[in-house]
Structure formats: C-alpha cells, structure tokens
Amino acid sequence: MPDSKDSKGKAPQKPNEEQSAPAAKMTPQQIEALLENNPALKNELGAVDKDKAVEQLRKMDISEILTGLSLTGKNKKDMAAFKFWQTQPVPRFDDASSAVGGPIKMIDPEKVSKEPDPLIEGFEWATLDLTNEEELRELWDLLTYHYVEDDNAMFRFRYSKSFLHWALMSPGWRKEWHVGVRATKSRKLVASISGVPTHVRVRGQKIKVTEINFLCIHKKLRSKRLAPVLIKEITRRCYLNGIYQAVYTAGVVLPTPVTSCRYYHRPLDWLKLYEVGFSPLPAGSTKARQITKNHLPSNTSTPNLRPMEARDADSVYDLLERYLKQFDLNHAFSREEIDHWLVYRPDAQKEQVIWSYVVEDPETHKITDFFSFYNLESTVIQHPKHDCVRAAYLYYYATETAFSNDEKALKNRLQMLMNDALILAKKANFDVFNALTSQHNPLFLEQLKFGAGDGQLHFYLYNYRTPQIAGGVNEKNLPDEKKMGGVGLVML
C-alpha cells in the first residue's frame, strides 16, 4: 500500500543512502547462511562456477541479493521494484528503529488524492464487479494464464471461480478494492490487484488492515512497470476508506519481511507428482519404494472427528481466538469471518474450497480440536498426461492441548490430527498437502514425511514497524521447535 508522503513524527530517511553493507564484508559462513535461507538464489548460483558466483556475490549489496536479483540478468526489473519500495512507508533493511512497534507514518485523509494517477496511454482504470459472472470470468482468465508460476514454467496457480468468491468477498469486502486495468480499445482486462479488510494482531496490538492479493499483470505488459502503479492505486483507495496498514506476502524478499516461512510438501499421490516433475526420485530409491513410503491409512484415528457444521462456529471461534493469541503475528478473526472462511455450505453451483473438521467431546459436546485445509489447484503446463495438480493447503487449526503447557502432549496431538488431515485430503482426491513452517507446524512436518520445498514465503506489513518475528525455521532453514510462536497468520 504505497504512498509517497513523508511520515510525521519520524526521523526522515536520508535520500540515496546505501541500504546495507557490501557482501564483500561477509564471511564465507555468512554467505553460506544467506544462500541456505534463500533457496531460489542458491538454485540460481548452482549453474554458475562456484568461485565466479562468490565473486559476483561479493560485488553486490546484501540488499540487492535479498531483493531476488538474478545474477544472470533474468530479473533486472527487480532492482527497479526495489527502488520503488524505497519510496514507501516500509522498514528498511538497515532500520535499527524497528525495535519500536507501530505505524511508520500518519496519514492525513484530507491530503489523499480523490483521483487515481493516470495510466500510460492505451490503458484505463477499472473497478471489477465480482458479482457479475462475466467480470468474474475475466479475472479468472487473467489469473489462470498470467499469475504465479514456478521458475521452470511447469506449474501455474489455477484459482477456481469459487475460490475467488471465497477469497475476495469476505465480510466487509468492498467492490472498489477489486482493481483492474483495461486496454482502452479492446476493453480486455490486462492487470489486477485486490484487497479485503480484516484485523491482525501484531504482538498483541490489534490493527485494522487490508489483506492485499492477486497482483497480476498480463505477460505481454510486464515491461510497462504497472506493478507500482497498481500498488499505489489500491493504497489510495484503502486510505480513502480509513485503512492505513496492509499485510501481504511474496516469494521474493522486498524491504523488509517481518518474518519468513518455508514451504513443505507431503505427497498424497507420489507417482503423479513424479510424473509431472513436482517430486524427484531420490537417489538410490525406486518408484515402488516412494509409493510405499508415502502410503497413508484408509481411516482416521482421532476419536469423535467429524466435518465442521455451521452450529460449531461459536465454539470454533472461541477455541481459535484463544489459540491464535499465542503467536506474535496472528489473524484476529471476527465471528462473522469464521462463518465465511471455515464453514462449507454445499452448493451444486460452486466447487468446494474449504474443508474443516472438528473433534467434539461426546459427553460435554465441547469442541476440543479443529483443523482445516483449502483447495488450490495448479495447471500443469504442456504435459501429455496430467493437466492439473490438486493441492490442499493447511489453513487454520487449534487444539485445547495447546493450553496444557505440555509440549510433548501437543506434539502427539497435532501429529494425530494432521495425519488425519492428510488421510481426509487423500480421500478428497488431493495430490499433495502443502504447509508452511508457521503456527506449530514444526512439531509435525518432518514426522509426517513432509519434504522441504525450495520456496520461501515472506510476510510484510505496510506502514507498520515491529521487530523480527520467528518463522519456524532455524539458521539452516529447517523446521525448529525453538523458532515457533511467531506466525499465526495464513495468507491465501
């Protein structure tokens, strides 16, 4: 949510000041740690002669490395993006004052422009009406063919129309926060950015934010520098509605993540994942051995586990609210949001997006445990046999065992619940189950045969400063129970 106004009550930033020390001052151990914590950069360096790679690294600023700059020149636009973020109210990489929590600058609503910045010739602003089936289809079409895909162009997110309704029409949603750019002559939708209002807690401080998502630009327009303009426009629209903070995530490091988590993947249909190139065949193993290794029981093992119903919403709200308050950064759900985000109401016209389950004590009828996962498919690009991978993403969960002050009991309980989540996802025909190192996930990821992914997810707060929050991984970028307690927020 960018804006170029100066902050009030804060020391002004020095213009053109270097953001960090040169990498030349880093020790070999520090460079190795940097690479371990940035798998994408490490993968890129893998194709370069080692000594040459280190030499290139030493010539770069640490801040350049962290913004995901490609040594091969593939991502030169990233530096322009970095310069854009230098104009925004976000913490700098070398911001020593981040120990002080709170807004970075105060916004005077009277000074917020009532009109958007002009776009380049041939394009115009649009506000999308997602209650209109045709406009929803246009957004779906843009995202399906132009949104996030992996570095090797093998997979691309394929959000269903039901998912877009679920993600973008949560309680309090505003039509004007579904921003589009159209080509003036053809009327074709060529770019989008969206936001929904919600609340998060940052170290116990509850703040109203916009959750920003679906920043997407048509591939043929990537050179037009539309992203900063889109970000500035959604910022302006949020400011006009009295929301001055935002939360967002990205796979690249921008100035400056409040925390970073790593993706983990549990194969449910290993053979399919191998065939599409998602899962490798480990050295020394066989296909049959991998299928056996990833086999799951046919039935769940948690007594009194059942699908969540609308009547459970009050109990789940109470349990989840208490559970999430344990984390430094968490979603402060409203009761109405529980209904929207977690309760599945069968509809023949819509695909199922959310799967939620509860454990009900048969005597007291109290909900003691709850977990959920959502459906996000990916298109398999140009594969002769498979056209999509069905991925279940771990969403929110909570258990009364978390309040027992017995970590061994919590670990055992979560391993049982999450193994059941895997079984239920398998029964629902998912191919893989994805989870981050957030929440209490380090207690079960490795034990339940999740494999480390090569992706990081970095969390950002716009116009809000707070000290770094633990992301569930240690300096080797592996799940660490001692690094939990930071992230209780799941971003779609």
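**Figure 1. Asn477, a buried residue in a loop.** In this predicted model, Asn477 has a relative accessibility of 0% and therefore counts as buried, the cut-off being under 20%. The residue belongs to the loop between strands β14 (451-462) and β15 (487-488). Its phi is near 65°, a positive value in a residue that is not glycine. The backbone oxygen of Asn477 lies 2.7 Å from a polar atom of the Arg262 side chain.

**Figure 2. Arg262 and its surroundings.** Arg262 is found in strand β7. With a relative accessible area of 13%, this arginine is buried. Apart from neighbours within four places in sequence, Arg262 is in contact with Ala435, Leu436, Thr437, Ala452, Gly453, Gly455, Gln456, Val473, Asn477 and Leu478. For Asn477, a backbone oxygen and a polar side-chain atom of Arg262 are 2.7 Å apart.

**Figure 3. The hairpin of strands β4 and β5.** Strand β4 (residues 189-202) and strand β5 (residues 205-217) run antiparallel and are joined by 11 bridges. One pairing to locate is that of His199, whose bridge partner in β5 is Lys208. The two strands form a hairpin with 2 residues between them. In the turn, Arg203 has a positive phi of about 50°.

**Figure 4. Phe214 within strand β5.** Phe214 lies in strand β5. Although Phe214 is not a glycine, its phi is positive, at about 55°. The residue is buried, with a relative accessible area of 1%.

**Figure 5. From β5 over helix α8 to β6.** Strand β5, helix α8 (residues 226-240) and strand β6 make up a β-α-β unit that is right-handed. Strands β5 and β6 (residues 246-250) pair in the parallel sense, over 2 bridges. Within this pairing, Glu211 stands opposite Val247 in β6. Strand β5 thus takes part in two pairings, because β4 is joined to it by 11 bridges and β6 by 2, with at least two needed for strands to pair.

**Figure 6. The cis peptide bond at Thr256.** The bond from Pro255 to Thr256 is cis, and its omega is near -15°. Thr256 is placed in the loop between β6 and β7 (259-267).

**Figure 7. Helix α7, enclosed by the rest of the structure.** Helix α7 spans residues 161-168, and 7 of its 8 residues are buried, so the helix is largely enclosed by the rest of the structure. The buried residues are Ser162, Phe163, Leu164, His165, Trp166, Ala167 and Leu168.

**Figure 8. Segments with low confidence.** Over residues 2-23, pLDDT stays under 50, and the model has 59 contacts beyond four places in sequence for this segment. Residues 61-79 also have pLDDT under 50 throughout, with 49 such contacts. Where pLDDT is low, the predicted coordinates should not be read in detail. For the chain as a whole, the average pLDDT is 85, and 81% of the residues score at least 70.

**Figure 9. The chain that holds these views.** The chain contains 13 helices and 15 strands. Of its 492 residues, 53% count as buried. Among contacts between residues at least 6 apart in sequence, 75% join residues at least 24 apart. The chain exposes about 22700 Å², of which carbon and sulfur atoms supply 51%.

Definitions and conventions
Residues are numbered from 1 along each chain as its sequence is written. This is a predicted model: local features need pLDDT of at least 70, side-chain atom pairs count only at pLDDT 80 or more; totals for chains, interfaces and linings use all residues. Side-chain values use heavy atoms; hydrogens and water are left out. Buried means under 20% relative accessible area, exposed over 50%, partly exposed in between (1.4 Å probe, protein chains only). Helices (H or I, at least four residues) and strands (E, at least two) are DSSP runs, numbered from the N terminus. A crossover is right-handed if, with the strands pointing away from the viewer, the path from the first strand over the helix to the second runs clockwise. pLDDT is the predictor's confidence in each residue, from 0 to 100. Contact means heavy atoms within 4.5 Å. A polar contact is a pair of N or O atoms within 3.5 Å; within protein, one must be able to donate a hydrogen and the other to accept it, and residues adjacent in sequence count only if both atoms are side-chain atoms. Accessible areas come from the Shrake-Rupley method with a 1.4 Å probe; for residues, only the protein chains shown count as cover.
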